[in-house]
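Here is a set of short questions and answers on one structure. Each answer sets a value against a rule and then concludes.

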Protein chains: 4
Amino acid sequence: MNNTYILLASCKDRVGITNLITGTISKYDSNILRLDHFTEYENENSEEGQLYLRFEFEKVDSLKGALEKELEQQNIYFELFDSSVNTKIALFVSKEDHAFNEVLLRVERGEIPAEIVCAVSNHEDNRHFAESLGVPFYHVPSNEPKENVEEKMISICEEHGVDLIVLAKYMQILSDDFVNHYKNKIINIHHSFLPSFIGANPYKQAWERGVKFVGATSHYVTSDLDEGPIIEQNVIRVNHRYDVKSLKKIGRHVEASVLAQAVEFHVLHKVIVNNGNKTIVFD
Amino acid sequence: MNNTYILLASCKDRVGITNLITGTISKYDSNILRLDHFTEYENENSEEGQLYLRFEFEKVDSLKGALEKELEQQNIYFELFDSSVNTKIALFVSKEDHAFNEVLLRVERGEIPAEIVCAVSNHEDNRHFAESLGVPFYHVPSNEPKENVEEKMISICEEHGVDLIVLAKYMQILSDDFVNHYKNKIINIHHSFLPSFIGANPYKQAWERGVKFVGATSHYVTSDLDEGPIIEQNVIRVNHRYDVKSLKKIGRHVEASVLAQAVEFHVLHKVIVNNGNKTIVFD
Amino acid sequence: MNNTYILLASCKDRVGITNLITGTISKYDSNILRLDHFTEYENENSEEGQLYLRFEFEKVDSLKGALEKELEQQNIYFELFDSSVNTKIALFVSKEDHAFNEVLLRVERGEIPAEIVCAVSNHEDNRHFAESLGVPFYHVPSNEPKENVEEKMISICEEHGVDLIVLAKYMQILSDDFVNHYKNKIINIHHSFLPSFIGANPYKQAWERGVKFVGATSHYVTSDLDEGPIIEQNVIRVNHRYDVKSLKKIGRHVEASVLAQAVEFHVLHKVIVNNGNKTIVFD
Amino acid sequence: MNNTYILLASCKDRVGITNLITGTISKYDSNILRLDHFTEYENENSEEGQLYLRFEFEKVDSLKGALEKELEQQNIYFELFDSSVNTKIALFVSKEDHAFNEVLLRVERGEIPAEIVCAVSNHEDNRHFAESLGVPFYHVPSNEPKENVEEKMISICEEHGVDLIVLAKYMQILSDDFVNHYKNKIINIHHSFLPSFIGANPYKQAWERGVKFVGATSHYVTSDLDEGPIIEQNVIRVNHRYDVKSLKKIGRHVEASVLAQAVEFHVLHKVIVNNGNKTIVFD
């Protein structure tokens, strides 16, 4: 089963799309291991839907080319992945280690089938974690013009053939240029259960409001800060006994696991970003 | 979208099955609204998988017959449903109202697209709930030989054309004959998070053990009591402050929502029972 | 254990308060069954805390008077309840039945130790549910000046000696006058996980944003609409397959259970509202 | 607030116990920061209860001695802790790193106020994690007679003044002698949601049964293997798409966070083990 292709595709829904694809796959004697065909309607009275597809099927010679040709002819948006090729991840981090270590360790453990090819940080705090696992660590201080900083980071990423940038509590705002350079290839973890408590000191806001849950949201980064398509969210219950410091601790735990889950979904090619601002996650 | 067919199918996995079905659907110019193709392997080294399919597609004249013929020829196990035909449910209940009312009210509210055609009970306690919603209520006391009791119940179910029996806290054990008469057509709610605390007074056992969660399990009824294929489970967190009575209260809440969810999955034709003792739920 | 007093108290924290109270209780030979003493600090460096207390102790002659005198002398805010006296609830509702029935049935079942003394609605839809359980149902249409409407409602509540108004999806805005007349005595269920998606059609907003959870918030009503002290919140996980209608269904389920839980906390005298805008819930 | 004492106490419930303690604390002009008084009854008709107390109060000269004397005179079981003294933990581990790293990192991050004084393992796999954080790592192979192995481990623990042994996936069975030597001072994480699926390969059992949740249980170790008092449990939802390998992955995640939470409760002195086989956790 490790020797498979994964196809993500999307188009305005119409009769026959899936049959076209299964036909080609079948013609090349490839077996489909999993197929999700989901048509999104806002509600049951909607006239027109958007089709989202995910196929996982056996790798067979020449099938790839044939499929690509066909999908292009049909004007269907698609991405085709070889499941044996690991996504190359750059982990960006500042001082806090929790999200960074969670992703690092899950990859190390083989739970997330990816490769952490480098760690980039504006601080030195997490160097030893990266290096103890053999991951090259680059200290790129943020006290230079953002343009220079980002140029350095892009050059590091390019050197390592990075496919995905994971902001594991990287506390610098990225420029629109940088973000657009890696469209839907940057995953962030937001320190709150969006859209709640946007802004400064969300845990203090949450404490003052007496909320009963702390949450976190992982999303693709767009130029609209913290508002990109949501990949994963989760919450942990709290109560009045949690002070601001304890809420932050819970926040770290939920941030770490939500980010790692989002990265897993991405590298398993389970996520399609729609035209608007949301994702389809074939979990 | 209400005018659709739903196909559930399963067979030993082989190349081309899904393409065969999409081909037929496409030939009749029917649009697929949702398709789940899942191949079950125990792990990544398993050689042979079992294929489970669920299709939802537009109703088109003659398509049904053509599809049925094809699936029969291919020796594929399948069920084909018309989504506009509501499942007719008989609700069986004893004294407790919680699971009974939850299913009744969700159906009444249109949340579960089904019809409660009758309520059957060995007690009178829930008559007013049934009748206030216009559901015929049959009191079938259990102080007669089980054979007679079940004969009466079967006759009531047949009179109402019952498709599904929901045991909403019906506290009598059904005979193997009765169960086999309605294979995979009886849904039960088990007063525990299986396989924990099987037997008498599970909440007392749970309290003595100091568990941190109370759960419930909804499953199809087989002749092996409380051991049929699981459709849905859930849990609610508790703590040391819950005495046995409070645990029972929480148990009722989780039972009610788990049973109602299981019934919803069933009537939406989202559940396939495999050859063993488990379900695939395309939720 | 049913014959107990419950004391809720709060004051600026200082040495000896709890000892003063336990001393008096002990002097009258009353046994304490449960005691929660919680001092709220924003964080570990805060200098001054606010003390919140909840005592449950055996009812003993003359103890009540003695305790009240003492707490008044010490200038401590307090409320003292007799646990054998059930809270008298008026259920306000509009057309939707889910929250209304959940509270009604939990009370009927003895899960919430309270008495529903009347139901008030601007519609007739829920009359049969109320009346089938023997609860007087008052239809107070909202097409009159709000002043008149609220005058009628107050008069109904006074006639029935109402202690608590539960807005179980009552879709009219109450005037500040009405709200102030029942300070911390009106519980609402908010159709969203506050502070998310405030405003019109929150489920459509949630769907467009692709959130992974639907939530609900129960709170005391203050003149600041939907912003009163939170008593209880909960969430249910959803995914991209939920359309707006399905999100609303999930929303109803979480609303119903969150509201019922909040009402239970209130009638068990487990909630203290602090000076700001939050609650201490000794769950 | 860091300069506090924490008192855990328990006895047959009777009038005046709490007042006795608050009286002493108050006499020494110490402020109580938090107090939980919980009387356990099986149900509301139980005649006799067991009292559990937890106090957190300011450290004041001579108060400790006075309190100890009094509690001894009253024959009350108690433990008195200085919150500024960190619990010294020995982490035992075999090959898997997940639970080990989670506890290690939470302590390192200051989330769990404790000190990891040593790591002990029958394998070398986790040496680099321990050593990169400056924790002495002892390789004690298990291919010797258990008596010798345990003797070495006890000697390591004694050398480091260990207060608590955390079995972070240490896959050797400890002798009764060892367990009794550290009564209620060994915390284990069980690879299942007890009492479900005890025995070999629980994840395969769970997969075959089609369960909808994977759980984990952290408990004190007693001579009755895997049956000691439960400190914490949690679950993560799964579905039919999880094969055995994926269930194991989820199992690791829930094991890691449940164990770390249990350790946090213990070192914050929030856990009392009752006479039977359960805990009171003042979370």
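Q: What rotation and what shift along its axis superpose chain B on chain C?
A: The model is a predicted one. In it, a rotation of 180° with 0.0 Å of shift along its axis lays chain B on chain C, and the RMSD is 0.0 Å.

Q: Why is this called the relation of a two-fold axis?
A: The rotation is 180° and the shift along the axis is 0.0 Å. That is the relation of a two-fold axis.

Q: Which C-alpha of chain B is nearest the axis?
A: That of B:Ser132, at 3.5 Å from the axis.

Q: How many residues does the contact take from chain B and from chain C?
A: Chain B gives 11 residues, and chain C gives 11 residues. On the side of chain B that touches chain C, helix H3 (98-108), helix H4 (127-132) and helix H8 (244-267) of chain B give two or more residues each. By class, that side has 1 nonpolar, 6 polar and 4 charged residues.

Q: How do you know that chains B and C meet through the same surface?
A: Compare the interface residues of the two copies. For chain B, 100% of them are also interface residues in chain C, so the copies meet through the same surface.

Q: What turn and shift lay chain A on chain C?
A: A turn of 180° and a shift of 0.0 Å along the axis, with an RMSD of 0.0 Å. The same surface serves both copies, as 100% of the contact residues of chain A recur in chain C.

Q: What makes up the side of chain A that touches chain C?
A: Here 32 residues of chain A are in contact with 32 residues of chain C. Helix H7 (202-209), strand E11 (230-237), helix H8 (244-267) and strand E13 (279-281) of chain A each supply at least two residues of that side. E11(A) gives the most, with 4 residues. The residues of this side of chain A divide into 13 nonpolar, 8 polar and 11 charged.

Q: Why does A:Asn188 count as buried?
A: The cut-off is 20 or more other C-beta atoms within 10 Å. A:Asn188 has 26 C-beta neighbours inside 10 Å, so A:Asn188 counts as buried.

Q: Where does A:Asn188 lie, and which residues does A:Asn188 touch, not counting those up to four places away in sequence?
A: A:Asn188 is in strand E9 (residues 186-190) of chain A. A:Asn188 touches A:Leu167, A:Ser218, A:His219 and A:Val221. A:Asp177 is 11 residues apart from A:Asn188 along the chain, and their C-alpha atoms are separated by 17 Å.

Q: Why are H7(C) and H8(C) called oblique to each other?
A: Their axes come within 9 Å and cross at roughly 120°. Roughly perpendicular runs from 65 to 115 degrees, and roughly antiparallel needs over 145. The crossing angle fits neither class, and H7(C) and H8(C) are therefore oblique. H7(C) passes H8(C) in a right-handed crossing.

Q: Which residues of H7(C) and H8(C) meet?
A: C:Tyr203, C:Lys204, C:Ala206 and C:Trp207 in H7(C) meet C:Val244, C:Leu247, C:Lys248 and C:Gly251 in H8(C). By class, this contact has 5 nonpolar, 1 polar and 2 charged residues.

Q: How do you know whether C:Lys249 is buried or exposed?
A: Count its C-beta neighbours. C:Lys249 has 21 inside 10 Å, and buried takes 20 or more. C:Lys249 therefore counts as buried. C:Lys249 is found in helix H8 of chain C. C:Glu151 is 98 residues apart from C:Lys249 in sequence and 34 Å apart in space, C-alpha to C-alpha.

Conventions. Residues are numbered from 1 along each chain as its sequence is written. Chains are lettered from A and ligands numbered from 1 in the order in which they are written. This is a predicted model: local features need pLDDT of at least 70, side-chain atom pairs count only at pLDDT 80 or more; totals for chains, interfaces and linings use all residues. Two residues are in contact if their C-beta atoms, placed from the backbone, lie within 7 Å. Ala, Val, Leu, Ile, Met, Phe, Trp, Tyr, Cys and Pro count as nonpolar, Asp, Glu, Lys and Arg as charged, and the others, Gly among them, as polar. Copies are superposed by least squares on the C-alpha atoms of residues with pLDDT of at least 70 in both. A residue is buried if 20 or more other C-beta atoms lie within 10 Å of its own, exposed if 12 or fewer, and partly exposed in between; C-beta atoms are placed from the backbone. Axes are lines fitted to C-alpha atoms, for helices over the stretch in contact, and angles run from 0 to 180 degrees between N-to-C directions. Angles under 35 degrees count as roughly parallel, over 145 as roughly antiparallel, 65 to 115 as roughly perpendicular and the rest as oblique. A crossing is left-handed if the near helix is turned anticlockwise from the far one by less than a right angle, and right-handed if clockwise.
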